[in-house]
Amino acid sequence: MKAGVLAAGKGKRLRPITLSRPKPLIPLAGTSLLDYHISALLKSGVTEISVLVGHLHELVEEHLCHRNGIRISKQKELMGTGDALLNLEDFLDGDFILTYADVYFQWDKLKELISAKERADHVVGVTRVKDPWNYGVVLQEDGYLKRIVEKPKKGEEPSNMVIAGIFLFSQTIFDHLKKINPSPRGEYELTDAITKAAMEGEKVVLVDLGDRWTDIGRFEELFLAQKNLFYDILNGFTDPLPEGARVEGSLIIGGDFRIEEDAKVEGPAYIGKEALIRGSINRNVTLEEGNIIGKNSSVEDSILMKGASLGDNTVVKRSVLCDGSHVEGVELTPSEYGLIVSQNQVIRCACKINGWMI
């Protein structure tokens, strides 16, 4: 079986992170959601994968150039998920799996999708969320899809069950894609084609992916996805680990690093090569490479990309520091808020920050 992975979007809601790093390659727990998807698909019996790229495509191509069985396709103009899938039509023959590269799901749920195909023409992964108005909302009957309402107005959503970005399609989905009209925002929506298939009598069965699912389209969800990935990796799903990385207790070690005598590392955490730790690393932290944690400083539920650093006397929680950025003297409180610092930016101030600061 073949699979397609949609990884072309601009990730506008995650700016400034996605100005320099495509959303599927944001480092999470020492891996990325793109690597996680590829490993999950291969582990589930998929033999060939086509990754559709667009925004910052050259970074994705460079990242995947060493992987066997991976084909790269380019979406020249971002015209919606329906148009994205049509770009892969020549490659995806027979029944195939499709995933959105910016969602986290339990990798073994793919087996449920594959087995469910026996009783339907198409299979759609779904989940229940607190904010269904941000997604394609599902109307169903006895476990089969009736129709999808794309991003209804808040308070008018027909249910809290939404499309989860994981599908198993037969070839007829391409026939429906070629018949749909652009949405009000001028895009060709995959959800319109799925609704059309159901309304024309094809069976579209739903598979519930459970509550260990998240869409990293917003800052808050990055940290939940990272937490879930740490759990998966430290409990045996080690395929996404970078070459040369190893697991030691609650730590994933990506290379040589230095830790000073009074420093503290709690974990789960990923520590990349050439890191210098003089302060404290608490739970759910990724240090990608060449990071410095200063004295009397601590970091928790955060991502420090290549070369990002904390000076002395700095407390960072639920934050992302992009490549080459530096924060010093800042204390973030309370813990549910965070700091997003773009590439090569420097903040030096003795202050407390309460609330999202980008």
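This passage describes the strands, helices, pockets and cavity of a predicted model.

In the N-terminal part of the chain, strand β2, which spans residues 48-53, has five of its six residues buried and is therefore largely enclosed by the rest of the structure. Strand β2 pairs with β1 in the parallel sense over six bridges, and within this pairing L6 has L52 of β2 as its bridge partner. Strand β2 is also joined to β3, residues 70-74, by five bridges, and these two strands likewise run parallel; here the bridge partner of S50 is R71 in β3. Together with the helix α3, the strands β2 and β3 make a β-α-β unit that is right-handed.

The helix α2 is mostly covered, with nine of its eleven residues buried. The buried residues of α2 are L33, L34, D35, Y36, H37, I38, S39, A40 and L41, a list in which charged and polar side chains stand beside nonpolar ones. Just after α2, the backbone at G45 takes a positive phi of about 105°.

A further sheet is built from seven strands, which form an open arrangement of mixed pairing in the order β12-β13-β16-β19-β22-β25-β27. The edges of this sheet are occupied by β12 (246-248) and β27 (340-341), each of which has a single partner strand, so that one side of each is left without a neighbour in the sheet. Within the same order, β19 and β22 stand next to each other; strand β19, residues 285-287, is joined to strand β22, residues 302-304, by three bridges, and the two run parallel. In this pairing, L287 has L304 of β22 as its bridge partner.

Turning to the open spaces, the largest pocket holds about 1,100 Å³ of space. Its lining comprises 37 residues, and those that lie nearest the centre of the pocket are G9, K23, T81, D102 and R185. Two or more lining residues are given to the largest pocket by each of β1 (2-7), α4 (81-86), β9 (161-169) and α7 (190-199), and among the elements it is β9 that gives the most, with three residues. When the lining of the largest pocket is sorted by class, 16 residues are nonpolar, ten are polar and eleven are charged.

The second largest pocket has a volume of about 940 Å³. It is lined by 30 residues, of which D35, H63, P242, E288 and K306 are the closest to its centre. The elements that give two or more residues to the lining of this second pocket are α2 (33-43) and α3 (57-64), with α3 giving the most, namely three residues. One of the central lining residues, D35, is among the buried residues of α2. By class, the lining of the second largest pocket consists of eight nonpolar, eleven polar and eleven charged residues.

Apart from the pockets, the structure holds one cavity of 30 Å³ or more. The volume of the largest cavity is about 40 Å³, and its lining is made up of R13, N134, Y135, D215, G217 and R218. By class, this lining has one nonpolar, two polar and three charged residues.

Note on methods. Residues numbered from 1 in each chain as written. Predicted model: local features only at pLDDT ≥ 70, side-chain atom pairs only at ≥ 80, totals over all residues. Heavy atoms only, no water. 1 Å grid on protein atoms, 1.4 Å probe; cavity = no way out; pocket = protein on both sides within 12 Å on 5 of 7 lines; lining within 4 Å. Points joined across faces, edges and corners; volume = space filled by probe spheres on them. Helix = DSSP H or I, 4+ residues; strand = E, 2+ residues; numbered from the N terminus. Pairing = 2+ DSSP bridges. Buried < 20%, exposed > 50% of the residue type's maximum accessible area, 1.4 Å probe, protein only. Right-handed = clockwise from strand over helix to strand, strands pointing away.
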